[in-house]
Amino acid sequence: MTDDARLDHYRRRRDWEQTPEPAPDDELRNLQAGGPLFVIQKHDASTLHYDFRLEVDGVLKSWAVPKGPSTDPEDKRLAVPTEDHPLSYATFEGVIPEGQYGAGAVVVWDRGTYRNLRAETEEGAPSMAACLDEGQVEVWLQGEKLRGGFALVRFREGEDEAWLLIKMKDAEADARRNPTSTEPESVVTQRTVEEVGEEDGW
Ligand code: MN
């Protein structure tokens with residue numbers, strides 16, 4: 001029996017709008033069916049940024065990207081590594097309360113699955129863990145807003161470790177698109193981060 005079937009009774013007895021009990025993580029499981037996850041959360045914290053996250057070995061490896069991703073290969077976007085997040089964070093949208101780390105509203109700006117391009121093209125097929133160690137990650141994103149190859153390149157190590165997020169040159173590159181401006185809404189609820197802040201009591 002699948003997890004879905006096993007949890008059917010639990011699911012049917014509850015109204016998820018009314019109860020604070022956890023819903024079965026169907027959403028997460030369905031997403032993962034297509035491959036490892038990526039998620040980009042727009043986060044209106046003390047400074048607005050985009051949290052870029054890749055599922056690697058059971059956690060979400062994470063970077064804060066102040067300007068967010070670009071579809072123009074000429075735009076190199078600063079990406080500062082942050083702590084690993086649990087996989088379940090991929091479904092989080094809402095308000096982190098005042099006084100808590102990262103206080104502010106969060107929307108799921110884009111989400112989907114990814115492929116490790118280096119594993120497909122290089123001898124030895126480096127794992128994502130090896131690519132992260134080397135500071136050279138190349139992934140194909142299959143999201144709702146972002147598609148195609150993206151590189152994450154570490155250019156500084158140590159205390160001030162820093163990376164660049166760069167659209168690779170392929171058929172999905174587009175210097176005229178500006179999705180962070182033209183498509184600001186959540187891919188889950190179609191709300192903006194401002195609306196989430198208002199509705200969820202920020
Ligand atoms: Mn953040």
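Visitor: What makes people say the charged end of K167 sits over the ring of F150?

Guide: The rule asks for NZ of Lys or CZ of Arg within 6 Å of the ring centre and within 35 degrees of the ring normal. The charged end of K167 is 5.1 Å from the centre of the F150 ring, so it falls within the 6 Å limit, and it is listed as sitting over the ring. By the way, this is a predicted model: local features need pLDDT of at least 70 and side-chain atom pairs count only at pLDDT 80 or more, while totals for chains, interfaces and linings use all residues. Residues are numbered from 1 along each chain as its sequence is written, and side-chain values use heavy atoms, with hydrogens and water left out.

Visitor: Okay, rings next. How many aromatic pairs does the structure hold?

Guide: Four. Rings of Phe, Tyr and Trp (its six-membered ring) pair if their centres lie within 6.5 Å; planes under 30 degrees apart count as stacked, over 60 as edge-to-face, and the rest as tilted. One of the four is Y50 with W109.

Visitor: Why is the pair of Y50 and W109 called what it is, stacked or edge-to-face?

Guide: Check both numbers. The centres are 5.7 Å apart and the planes make 80 degrees; 80 is over 60, so the name is edge-to-face. This pair links distant parts of the chain, with Y50 in strand β2 (residues 48-56) and W109 in strand β6 (residues 104-116), 59 residues apart. Strands here are DSSP runs of E, at least two residues long, and helices are runs of H or I, at least four long, numbered from the N terminus.

Visitor: How do you know whether Y50 is buried or exposed?

Guide: Buried means under 20% relative accessible area, exposed over 50%, and partly exposed in between (1.4 Å probe, protein chains only). Y50 has 5%, so it counts as buried. W109 is buried too, at 0%.

Visitor: And what kind of pair do F52 and W63 make?

Guide: Their centres are 6.3 Å apart and their planes are at 65 degrees, so that pair is edge-to-face. It joins F52 in β2 to W63 in strand β3 (residues 59-65), eleven residues apart. Both F52 and W63 are buried, and ring pairs link them with W163 into a cluster.

Visitor: What makes β2 and β3 a pair of strands?

Guide: Two strands pair if DSSP finds at least two bridges between them. Seven bridges join β2 to β3, which run antiparallel, so the rule is met. R53, for instance, has S62 in β3 as its bridge partner. On β3, five of the seven residues are buried.

Visitor: What makes D57 stand out?

Guide: Most residues other than glycine have a negative phi. D57 is not a glycine, yet its phi is positive, near 50 degrees. It lies in the loop between β2 and β3. At 69% relative accessibility, D57 counts as exposed, because that is over 50%.

Visitor: Last one: which residues are the protein donors of the manganese ion, and how do you know?

Guide: Donors are N, O and S atoms within 2.8 Å of the metal (3.2 Å for Na, K and Ca); water is not among the atoms, so sites may look incomplete. The protein donors are H43 (ND1), H49 (NE2) and D51 (OD), lying 2.1 to 2.3 Å from the ion, so they pass the 2.8 Å cut-off. Along the chain their spacing is H-x5-H-x1-D. H43 is buried at 8%, and H49 is buried at 12%.
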